[in-house]
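Welcome! Here are a few short exercises on charged side chains, each followed by a worked solution.

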Amino acid sequence: MNRIFLSIAFVMIAAGLLAQPLVLHKQHSFAKRIPAGNFSGITQISQGLYAVVDDKQPDGFYLFQLDFRFKNGKLKKVTNKGFVASGLSNRDAEDIVYRPLSKTLFINGEADSEVLEYLIEGQPSGRRLQMPEIFKHIRPNQGIESLAYDAESDRIWLTTEHSLPADSSQNLIRLQSFDAATLFPLQQFAYRLEPPMAKKPGRAHVLGVSALTALPDGRLLVLERECYLPKRKIGAWVMCRLFLVDTHSTDSLTTSSQKMSDDTSCLKKHLLCQWRTRNLRLANYEGMCLGPLLPDGRQVVVMVSDSQNRYGSLLRDWFKTLVLPVSLQPVD
C-alpha cells in the first residue's frame, strides 16, 4: 500500500513540475558592487562565475560573481571580480560565449565584424570564426550583435541586430551556425523580426535582436528588443520580447549568399514572454545566457542591460532573471 501512495505522490509531483509556468522576476541593480558600464554580453564560465563584455572598454571581459536564491532563481548579489584585458584595442564587443571543451571564450566585435577566440587568461588564441562573405558587408554600427553556444551539438550561433544590405527585406535577419571545433560555417537560417510597436518617429528608435541563448535541447532563445526615445525625450521606453525558436522548423538557406526576400521560408518562433521598461527603470537588455539549474530541474536565464555608463546618473545597470519550466512549452 505504501508503494502505491509513493507512486501516486511521485506522479503528482512530476505533473506539478510540468505544469509550472515561466517565471519572470523583477530587475535589480547592484551599483555598489560593480562599475558603471556598457554591458552588452554575458556567459557562464563555472558555477557562480560569469564573463561580461563592455562595448566601450578596451578589449577583454569582466568577471562577475552572481549569487542566486536556489529556491526561486532570484538574483541576490552581483560582485565584480576584476577586468581581464586582452591587449587589443576596443573592438566594440557585443557578446561573449564560453566553450568548456576548449576552456576558451569567443567575443564578437561589431567594429570589425569578427568573432575571435580567447584563452581564459584573456589573450587571443589566434583563431577566429570563418565568416561567410555576406557577413563581411554590414552597415556601420549594425554588425554582428549576438552569440550563443550549443553544448549539445558543439555549435556557435550568431546573428546581426538588423538585416544585411544584401537582403531586400528590412525585417529579415540570418541565424548562422558554426562548428565550434573547426570554426567553419554550417547552416544558415532566415528569421523574421516582429513589426515595430512605435507608432510615430522619435529622436531615436532601435529595433532588432539583442541577444541569443542556446537551450540544452538545441532550441534557441531569441531576444528582440525595441528602444524608443520620443523627440522631447520624455516617455522613453524599451520593449523586450523573448521567443523560442526550433532550428528544425524549416529548411536552411541553400547557400550563405542566397538573397532573402519576403517570400523566404523563415524559422518558426513562439512568444514566451514580454515586458516593457520605462522612465528611471529603463533597461536596454543586450546580454543573455543560461544560469544555474534549480533543485527542481528548472532552468534560470540571466540578462544584463546596457546603461550607457549609467547615462546622466539616471540609468542603472540592471540584471534580470527568468525561470523556464521543466517542460518548456511555447505560447502560440
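**Exercise 1.** Are Glu-286 and Arg-225 buried or exposed?

*Solution.* Start with the ground rules: this is a predicted model, where local features need pLDDT of at least 70, side-chain atom pairs count only at pLDDT 80 or more, and totals for chains, interfaces and linings use all residues. Residues are numbered from 1 along each chain as its sequence is written, and side-chain values use heavy atoms, leaving out hydrogens and water.

Next, the scale: buried means under 20% relative accessible area, exposed over 50%, and partly exposed in between (1.4 Å probe, protein chains only). Both Glu-286 and Arg-225 turn out to be buried.

**Exercise 2.** Find what joins Glu-286 to Arg-225, and which parts the pair ties together.

*Solution.* Their side chains form a salt bridge, 3.3 Å from N to O. The term stands for a side-chain nitrogen of Lys or Arg within 4 Å of a carboxyl oxygen of Asp or Glu. Because Glu-286 sits in strand β19 (residues 285-293) and Arg-225 in strand β16 (residues 220-229), the pair links parts 61 residues apart in sequence. Strands here are DSSP runs (E, at least two residues), numbered from the N terminus.

**Exercise 3.** Which strands hold Arg-241 and Glu-226?

*Solution.* First, the contact: Arg-241 and Glu-226 form a salt bridge with closest N and O atoms 3.8 Å apart. Arg-241 lies in strand β17 (residues 237-245) and Glu-226 in strand β16, so this pair ties together parts 15 residues apart in sequence. Both Arg-241 and Glu-226 are buried.

**Exercise 4.** How many salt bridges does the structure hold?

*Solution.* The structure holds 16.

Note on methods
Helix = DSSP H or I, 4+ residues; strand = E, 2+ residues; numbered from the N terminus.
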